[in-house]
Amino acid sequence: MKHQETMLNTLIKESGLNGFSEEEIGDDHIYTGLETPMRPDAFEISDQEKKEKIADLFGQIMDVMGLDRTDDSLKGTPNRVAKMYIEEIFSGLNPANKPKVALFDNKYQYNQMLVEKNITFYSNCEHHFVPIIGKAHVAYISSGKVIGLSKLNRIVQYYAKRPQVQERLTNQIAEELKSILNTEDVAVIIDAKHLCVSSRGIKDDTSATVTSYYGGIFNTNSKITELQNYLNQ
């Protein structure tokens, strides 16, 4: 018994839960790192095979819940869910769907911050697989190159379309922009509502979560104030 208890404590410690069990963590969000947790063999089978497997497994979930899958309204549900998972709401897991981004010379010599605000996104909480709905605001200062405005939206959507933690989503968008634009002068602010908070658990429908990343020159009081002024206009 003592050996088993020691083994359990070791596993909990190594799992990064700071000495707490999964039940004790409960609804609290755990942010384990910048990269989305993925198995090495995640893309060894095709999207079609994934959809077939998900449809079968989701059908089993419906059976366990006692739903009548012969009903006309439910017949196609497993296939619809599988298609939605792979082609839509979790399509950002597949690197093949990463947006291709072209850069252009900053011929206008625009050297102030460029802000794209109120980018609506839909993501899913990786702890309960229920929606995160919010708006992202991104900004950067050109280091000599500029990016098409629609590509800023596409980058946000790509990282949002996967099981997420808001802190990770914020940092993933920022790191991608820094890499593409070759600059540290990037800012990302996300304001979102989590349905795992509003529709279940504590059931608080009024709260929202705000996360931010300020890099380079944006990590100064003057630039943060300037950015906030743009966002409040």
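**Close-up views of a predicted model**

**View 1. The β2–β3 pair.** In this predicted model, β2 and β3 run antiparallel and are joined by nine bridges. One place to look is T120, whose bridge partner in β3 is K135. The two strands make a hairpin with five residues between them. While you're at the turn, check F129: its phi is positive, at about 55°.

**View 2. The β2–β5 pair.** β2 also pairs with β5, a strand covering residues 163-164. Here the sense is parallel, and the pairing runs over two bridges. Zoom in on C125 and you'll find Q164 of β5 opposite.

**View 3. The largest nonpolar core.** This one has 27 residues. Which of them have the most contacts inside the core? They are F121, V138, I173, L177, V188 and I190. Several elements chip in: β2 (114-125), β3 (131-140), α5 (149-160), α6 (166-181) and β6 (186-194) each supply at least two residues of the core. As a general backdrop, nonpolar side chains in soluble globular proteins tend to be buried together.

**View 4. Around L177.** Leaving aside residues up to four places away in sequence, what does L177 touch? The list is V138, L152, I155, N182, V186 and V188. Two of these names, V138 and V188, also turn up with L177 among the residues that have the most contacts inside the largest core.

**View 5. The second core.** A separate core of eight residues sits apart from the one above. Its members include I141, A187, I189 and F218.

**View 6. The largest pocket.** Its volume comes out at about 740 Å³. There are 25 lining residues, and M38, K50, I54, I86 and L93 lie nearest the centre. Two elements, α3 (47-64) and α4 (77-89), give two or more residues to this lining. α3 gives the most, with seven residues. If you're thinking about chemistry, the lining splits into 15 nonpolar, four polar and six charged residues.

**View 7. The second largest pocket.** This pocket has a volume of about 260 Å³. Its lining counts 15 residues, with E35, T36, Y159, R162 and Q172 nearest the centre. Which elements give two or more residues to this lining? Those are α5 and α6, and α6 gives the most, with three residues. By class, you get seven nonpolar, three polar and five charged residues.

Key
Residues numbered from 1 in each chain as written. Predicted model: local features only at pLDDT ≥ 70, side-chain atom pairs only at ≥ 80, totals over all residues. Heavy atoms only, no water. Core = buried A, V, L, I, M, F, W, Y, C linked by side-chain atoms within 4.5 Å. Buried < 20%, exposed > 50% of the residue type's maximum accessible area, 1.4 Å probe, protein only. Helix = DSSP H or I, 4+ residues; strand = E, 2+ residues; numbered from the N terminus. Contact = heavy atoms within 4.5 Å. Pairing = 2+ DSSP bridges. 1 Å grid on protein atoms, 1.4 Å probe; cavity = no way out; pocket = protein on both sides within 12 Å on 5 of 7 lines; lining within 4 Å. Points joined across faces, edges and corners; volume = space filled by probe spheres on them. Nonpolar A, V, L, I, M, F, W, Y, C, P; charged D, E, K, R; others polar.
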